[in-house]
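Please walk through this structure with attention to how its helices pack against one another and where its nonpolar residues gather.

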Amino acid sequence: MKRTFPLVICFGGGIIFIIQFFIPHPVSKAIYDEALNWLIIVSVFAFAIALESLFRVHGTKIKRRKPGWGFSVIPLVACITVGAFGIIQGVREGTVFMKVFHYITVPMSATVFSLLAFYMASAAFRAFRATTTRATVLLIVAFLVMFGRVPIGPFVWKGLPDIIEWIFMYPSMAATRGIALGVGLGIIGTSLKIILGIEKGWLGGGGK
Amino acid sequence: MSTNIWVWIAALLTLSVYSFLYKDNPIYRFAEYLFIGTSVGYSIGFLYWNAFIPRIVRPVQAGDYIVLIPTFIGLLFFARFTRKWTWLVRYPIAISLGIGAGISIPLTIQAGIFRQLQATMVGDFTISNIIMVVGVICTLFYFFFSLEQKGVVGGVAKTGIWYIMIAFGAIFGYTVMARIALFVSRVQFLLHDWLGIIK
């Protein structure tokens with residue numbers, strides 16, 4: 001009941017939906033749609049658990065007056081306030097909830113990502129020392145792509161955008177595809193291990 | 001200069017995040033923690049109106065009680081807060097993992113394997129296409145550890161490294177440019193939307 005049943009459910013669910021893919025019938029499609037709906041409903045409660053984790057981590061920090069505990073008040077207050085506005089006002093344009101999204105979440109997300117430009121540049125300075133021929137190739141390609149994507153690139157040499165396009169379309173795409181195939185095989189392997197009960201890490205250790 | 005309070009908030013938060021370029025400081029940390037809080041708060045509102053209400057509340061109001069089954073399964077997540085019943089949390093995880101894995105296998109075979117192979121083998125013997133096919137095979141060999149990478153296998157794998165280096169260089173260059181584009185858009189926001197210096 002505690003370990004075997006969940007494994008049986010996992011196995012059954014996995015096998016059913018592998019078979020379902022190969023049955024082009026409206027009933028099969030309806031089962032698939034219903035399963036997706038169930039997964040979304042279950043994930044709503046999984047989010048509630050994640051929320052509890054956020055409150056527990058920061059709540060403990062505040063309760064024990066750990067260093068920097070004052071900052072832990074901010075996510076809790078912001079989360080409750082924004083969440084409450086969202087639930088009460090809805091998610092329509094013009095509400096406080098959407099204004100927070102457009103003027104706080106989106107700009108900060110863009111700013112944090114743009115911040116990486118500076119760190120990538122400094123990391124590249126350290127990493128791109130052309131110590132080996134392979135590193136030099138990486139350096140040259142990166143430089144060509146960066147140089148060719150700004151107006152001065154095509155201004156210096158008209159053919160540069162075509163070369164960059166070719167690099168992206170063929171040698172770079174070849175490696176990306178090879179990696180994608182490896183990732184695909186990895187996903188299939190891991191999924192099979194979960195379905196067949198070889199991978200049991202998700203069962204955890206409690207209540208054996 | 002903007003008179004919109006929200007533009008001011010966005011501008012000051014943008015500057016707060018950029019203050020990290022000098023060093024880690026309380027203003028940056030305030031912005032960082034606020035970002036976490038508002039993002040989670042957004043998820044609460046989004047999930048409430050796009051998942052909880054339309055997928056649980058409305059069907060129940062309409063007499064479709066079947067949704068109470070996944071709701072009950074989802075509620076089992078809360079069993080982790082008890083010592084005695086904590087094992088019940090395995091049921092929603094088993095269902096999510098089992099169905100998720102089952103759905104992902106054929107989809108991955110279709111999109112991650114067949115489509116990739118189909119796009120690689122276009123059947124047009126141009127030099128570029130040959131470079132592509134050779135590159136895919138060599139890259140796969142580089143990640144193939146069932147055979148010792150020496151001799152012919154080693155040579156093919158080493159060619160794969162060259163392709164991977166080209167790809168990493170291209171991806172790196174592209175990512176840097178994307179980040180710089182984001183930076184330019186933030187500067188434009190500050191100078192145009194906030195300060196009104198540029199038109």
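**Helix packing and nonpolar cores**

In this predicted model, H1(B) passes H6(B) in a left-handed crossing. The two helices, the second of which spans residues 151–194 of chain B, pack at an angle of about 140°, and their axes lie 10 Å apart. Because of that angle, H1(B) is oblique to H6(B); the class of roughly antiparallel begins only over 145 degrees. On the side of H1(B), the residues that take part are B:Val7, B:Trp8, B:Ala10, B:Ala11, B:Leu12, B:Thr14, B:Leu15 and B:Tyr18, and they meet B:Phe183, B:Arg186, B:Phe189, B:Leu190, B:Asp193 and B:Trp194 in H6(B). Sorted by class, this contact of H1(B) with H6(B) consists of 11 nonpolar residues, one polar residue and two charged residues.

A crossing between the chains can be set beside this one. H2(A) passes H3(B), in this case in a right-handed crossing, and the axes of H2(A) and H3(B), the latter formed by residues 68–75 of chain B, come within 8 Å and cross at roughly 35°. Here A:Trp38, A:Ile41, A:Val42 and A:Phe45 in H2(A) meet B:Ile69, B:Pro70, B:Thr71, B:Ile73, B:Gly74 and B:Leu75 in H3(B). The residues of this contact divide into eight nonpolar and two polar, with no charged residue.

The nonpolar cores come next. The largest nonpolar core has 19 residues, of which A:Ile104, A:Met108, B:Leu13, B:Val17 and B:Leu34 touch the most other members. Two or more residues of this core are supplied by each of helix H3 (69–89) and helix H4 (96–127) of chain A, and likewise by each of helix H1 (5–18) and helix H2 (26–61) of chain B. The most is given by H4(A), which contributes six residues. When residues up to four places away in sequence are not counted, A:Met108 touches B:Leu13, B:Val17, B:Ala31, B:Glu32 and B:Phe35. A second core, separate from this one and made of 17 residues, includes A:Leu39, A:Val42, B:Ala51 and B:Ile73.

One backbone feature in chain A remains to be considered. A:Arg65 is placed in the loop between helix H2 (26–63) and H3 of chain A, and its phi is near 50°, a positive value in a residue other than glycine. Most residues other than glycine have a negative phi. Is A:Arg65 buried or exposed? With a relative accessibility of 53%, A:Arg65 counts as exposed, because that class covers values over 50%.

Definitions and conventions: Residues numbered from 1 in each chain as written. Chains lettered and ligands numbered in written order. Predicted model: local features only at pLDDT ≥ 70, side-chain atom pairs only at ≥ 80, totals over all residues. Heavy atoms only, no water. Core = buried A, V, L, I, M, F, W, Y, C linked by side-chain atoms within 4.5 Å. Buried < 20%, exposed > 50% of the residue type's maximum accessible area, 1.4 Å probe, protein only. Helix = DSSP H or I, 4+ residues; strand = E, 2+ residues; numbered from the N terminus. Contact = heavy atoms within 4.5 Å. Axes fitted to C-alpha atoms, helices over the stretch in contact; angles between N-to-C directions. Parallel < 35°, antiparallel > 145°, perpendicular 65-115°, else oblique. Left-handed = near helix turned anticlockwise from the far one by under 90°. Nonpolar A, V, L, I, M, F, W, Y, C, P; charged D, E, K, R; others polar.
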